[in-house]
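Here is a short report on one protein model. Have a look at the fold first, then read on.

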Amino acid sequence: MIRYGCQSISEEDIAAVDAVMRSDFLTQGPAVPAFEAAIAQFCGAEHAVAVNSASSGLNLACMALELGPGDRLWTSPVSFVASANCARHCGAQVDFVDIDPATLNLCPRQLAEKLERAERDGTLPRIVLPVHFAGAPCDMEAIAALSERYGFSVIEDAAHALGAEHQGIRVGSCAKSRMTVFSFHPVKLITTGEGGMITTSDAELERRLQMLRSHGITREPSQLEQQDEGGWYYEQQMLGYNCRMTDIQAALGCSQLPRIGEFLRRRRELAERYERLLEDMPLRRPRFSAADGCAWHLYVVQLPPQHRRAVYDALRAADIGVNVHYIPVHLQPYYRRLGFRRGDFPASEAYYDGALTLPLHPHLTDEQQDRVVATLRRALEIP
Ligand SMILES: *Cc1c(COP(=O)(O)O)cnc(C)c1O
């Protein structure tokens, strides 16, 4: 099976994990802070907090901003469900902003219009959570300008976007947001098995995130609210969870991160090859170009909707692991029960109806890619 995405594990990665297995700490040891420092430096952020998944990271980011009942979070319908679920876990309401069909990201113009209406209705969001879909950076200048005008906080879902850049600024620097969340699931840009990271330039948010990922507990002498009762003493000051990353995972992350340049280069190369190879086919290719600083997590094409299902089945039958990213979140039964319907976000729905994700990962060979394209061509019945 040629998979749509897959990890790249080196002998050095295995040695790094092996070394932790033989060390004193499998968790809460030195590998986690080392990985946090490496990601913070890579992104140009002041702080980074490692967690056990990006989904946990999104939850904790919302909790750190004290999102709660009566509050609203807005995100893109074209994302994984975790981008919206984080608000629901806090008891807040979710709403969506339709995508710009050109970028497949939340549309800043529609965001502006929706904010204007929400201001009149008294339904402004506390948080807007843009998703850098497929690794293509959102227009953060436009979103940040609106956040100043309307007073919402911005959390970036950068699960697809480690190493992506916009106008020379790397996603994760938090230059235009409060926090940015990355995923290290094996299909993403680098992996720790499961894992995530929150970057921020706000020391108070870092402190809150560190507590929230570990039950709301601190041992930091300067942070204690009550009298220190001895060496064993700790305080639970808020209600958190156990969302800690292990040292086994962090060691893998530390070993993977230096290879991100090599991974991104190969992804870009393959994306440019797709661009050429698919040129004459009756489908829509992604509009973001390599020059945009896209991390190319996904290569998504849009087919005539009436052909999508048959093409998907034909490629799967040929052992090519195509996929669909994503079923719009508002069309999931859980969100329909909250009142959303087909027709609410037409651009997202139109994109979904034809969407197909083609294989793209650092180990994909030119020959495999040629086979994907040839099979796709046959499936679309082009001589
Ligand atoms: C993968 C993904 C997540 C969740 O990441 P996990 O690390 O698997 O929890 C969140 N948002 C988007 C856009 C994703 O693609």
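This is a predicted model. Start at the N-terminal end of helix 7, where Asp-202 acts as a cap. One of the side-chain oxygens of Asp-202 sits 2.9 Å from the backbone nitrogen of Glu-204.

Helix 7 itself covers residues 203–212. Its buried residues are Leu-205, Glu-206, Arg-208, Leu-209, Met-211 and Leu-212. An α-helix has 3.6 residues a turn, so residues three or four places apart point the same way. What do the buried residues of helix 7 pack against? Their partners are helix 3 (54–64) and four strands: strand 2 (47–51), strand 9 (179–183), strand 10 (196–200) and strand 11 (217–218).

Next, the ligand. It is surrounded by 15 residues. Ser-55, Asp-157, His-160, Ser-183 and Lys-188 are the closest. The table gives three polar contacts to the ligand.

| Residue | Atom in the residue | Ligand atom | Distance |
|---|---|---|---|
| Ala-54 | backbone N or O | oxygen | 2.9 Å |
| Asp-157 | side-chain N or O | nitrogen | 2.8 Å |
| Ser-183 | polar side-chain atom | oxygen | 2.8 Å |

On its own, the ligand has 380 Å² of accessible area, and the protein covers 92% of that.

Last, the cysteines. How many disulfides does the structure hold? The count is zero. Cys-86 is in no disulfide: the nearest cysteine sulfur belongs to Cys-62, 3.7 Å away. A disulfide needs the two sulfur atoms within 2.5 Å. Cys-86 is buried, with a relative accessible area of 0%. Cys-90 is in no disulfide either, and the nearest cysteine sulfur, again that of Cys-62, is 5.0 Å away. Cys-90 counts as buried at 12% relative accessibility.

Conventions
Residues numbered from 1 in each chain as written. Predicted model: local features only at pLDDT ≥ 70, side-chain atom pairs only at ≥ 80, totals over all residues. Heavy atoms only, no water. Buried < 20%, exposed > 50% of the residue type's maximum accessible area, 1.4 Å probe, protein only. Helix = DSSP H or I, 4+ residues; strand = E, 2+ residues; numbered from the N terminus. Contact = heavy atoms within 4.5 Å. Polar contact = N/O pair within 3.5 Å; in protein donor to acceptor, adjacent residues only side chain to side chain. Near = heavy atom within 4 Å. Areas by Shrake-Rupley, 256 points an atom, 1.4 Å probe, with all protein chains shown as cover.
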